[in-house]
Amino acid sequence: MKQRGKYWKGAHTKHRLKYHLVWIPKYRKRILRGELLKSLKGLFYECSLLNGWWIEELQIMSDHIHMLVQIPPNIAVSKVVQYFKGGSSRVLRKEFPEIQEFLWGDSFWADGYFAETVGVAQEDMIKKYIRDQREG
């Protein structure tokens with residue numbers, strides 16, 4: 001299991017891949033509250049733990065999710081989002097059948113998501129570091 005930290009190590013890699021992810025419930029309904037919110041938060045952390053990811057920050061608003069998550073390089077961001085959304089959707093629909101009144105069909109979440117790599121503010125510093133490298 002991966003530990004919290006700045007850099008993770010693989011067999012032949014050292015990496016720090018963090019992503020800011022945002023997605024919404026179907027129809028952007030404001031239903032992420034109360035017991036559903038508590039359950040959802042637990043599901044996200046459980047998914048992260050089972051897959052060896054690290055949720056750095058998580059904010060669940062009534063109508064959207066913001067997550068900062070660190071993942072290894074061998075998994076696509078789209079797969080990470082699929083696991084978070086798909087797994088939580090199945091469990092929440094069973095645990096809270098009353099949400100069917102607001103969300104028709106088989107899915108809890110709206111299609112799509114927002115993803116952004118974290119570290120953009122350091123880009124110029126890294127470019128300078130690379131330019132300043134000199135052969136000994």
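Three helices and six strands make up the chain in this predicted model. Starting at the N terminus, the elements follow the order β-β-β-α-β-β-α-β-α. The chain has 136 residues, and 36% of them count as buried. Take the contacts between residues at least 6 apart in sequence: 67% of those join residues at least 24 apart. Here's a quick tour of the helix pair, the salt bridges, the loop after β3 and one buried leucine.

**How α1 sits against α2**

- Two packed helices get described by the angle between their axes and the distance between those axes.
- For α1 (residues 34–51) and α2, the angle is about 140° and the axes are 10 Å apart.
- That angle makes α1 oblique to α2, because the roughly antiparallel label is kept for angles over 145 degrees.
- The crossing of α1 past α2 is right-handed.
- Which residues of α1 meet α2? On the α1 side they are Leu-36, Ser-39, Leu-40, Leu-43, Phe-44, Cys-47, Ser-48 and Asn-51.
- Their counterparts in α2 are Tyr-83, Phe-84, Ser-88, Val-91, Leu-92 and Glu-95.
- Sorted by type, the residues of this contact come out as nine nonpolar, four polar and one charged.

**Salt bridges**

- Side chains of opposite charge can pair when their charged atoms come close. How many salt bridges does the structure hold? There are four.
- Glu-56 pairs with Lys-18, with 3.2 Å between the closest N and O atoms.
- This pair links distant parts of the chain, since Glu-56 is in strand β4 (residues 54–60) and Lys-18 is in strand β3 (residues 17–23), 38 residues apart.
- Is Lys-18 buried or exposed? Its relative accessible area is 9%, so Lys-18 counts as buried, while Glu-56 is partly exposed at 25% relative accessibility.
- Arg-28 and Asp-63 form another salt bridge, and here the closest N and O atoms are 2.9 Å apart.
- Arg-28 lies in the loop between β3 and α1, and Asp-63 in the loop between β4 and β5 (65–71), so this salt bridge ties together parts that are 35 residues apart in sequence.
- Asp-63 is buried, with a relative accessible area of 8%, whereas Arg-28 is partly exposed at 42%.
- Arg-30 comes into the picture too: Arg-28, Arg-30 and Asp-63 are linked in a network of salt bridges.
- Within helix α1, the side chains of Lys-38 and Glu-35 meet in a salt bridge, 3.3 Å from N to O.
- Lys-38 and Glu-35 are three residues apart in α1, so about one helical turn separates them.
- Both Lys-38 and Glu-35 are exposed.

**Positive phi in the loop between β3 and α1**

- Most residues other than glycine have a negative phi.
- Tyr-27 goes the other way: its phi is positive, about 60°, although it is not a glycine.
- Where is Tyr-27 found? It is in the loop between β3 and α1.
- The relative accessible area of Tyr-27 is 47%, which means it counts as partly exposed because the cut-off for exposed is over 50%.
- Arg-28 also has a positive phi, near 50°, and is a residue other than glycine.
- Arg-28 lies in the loop between β3 and α1 and is partly exposed, with a relative accessible area of 42%.

**Leu-103 and its neighbours**

- Leu-103 belongs to the loop between α2 (77–95) and β6 (114–117).
- Why does Leu-103 count as buried? Because its relative accessibility is 0%, and buried means under 20%.
- Leaving out residues up to four places away in sequence, Leu-103 touches Lys-26, Tyr-27, Lys-29, Ile-31, Arg-93 and Phe-108.
- One of those partners, Tyr-27, is also the residue with the positive phi of about 60°.
- Leu-103 and Arg-28 are 75 residues apart along the chain, and their C-alpha atoms are separated by 9.9 Å.

Terms used: Residues are numbered from 1 along each chain as its sequence is written. This is a predicted model: local features need pLDDT of at least 70, side-chain atom pairs count only at pLDDT 80 or more; totals for chains, interfaces and linings use all residues. Side-chain values use heavy atoms; hydrogens and water are left out. Helices (H or I, at least four residues) and strands (E, at least two) are DSSP runs, numbered from the N terminus. Buried means under 20% relative accessible area, exposed over 50%, partly exposed in between (1.4 Å probe, protein chains only). Contact means heavy atoms within 4.5 Å. Axes are lines fitted to C-alpha atoms, for helices over the stretch in contact, and angles run from 0 to 180 degrees between N-to-C directions. Angles under 35 degrees count as roughly parallel, over 145 as roughly antiparallel, 65 to 115 as roughly perpendicular and the rest as oblique. A crossing is left-handed if the near helix is turned anticlockwise from the far one by less than a right angle, and right-handed if clockwise. Ala, Val, Leu, Ile, Met, Phe, Trp, Tyr, Cys and Pro count as nonpolar, Asp, Glu, Lys and Arg as charged, and the others, Gly among them, as polar.
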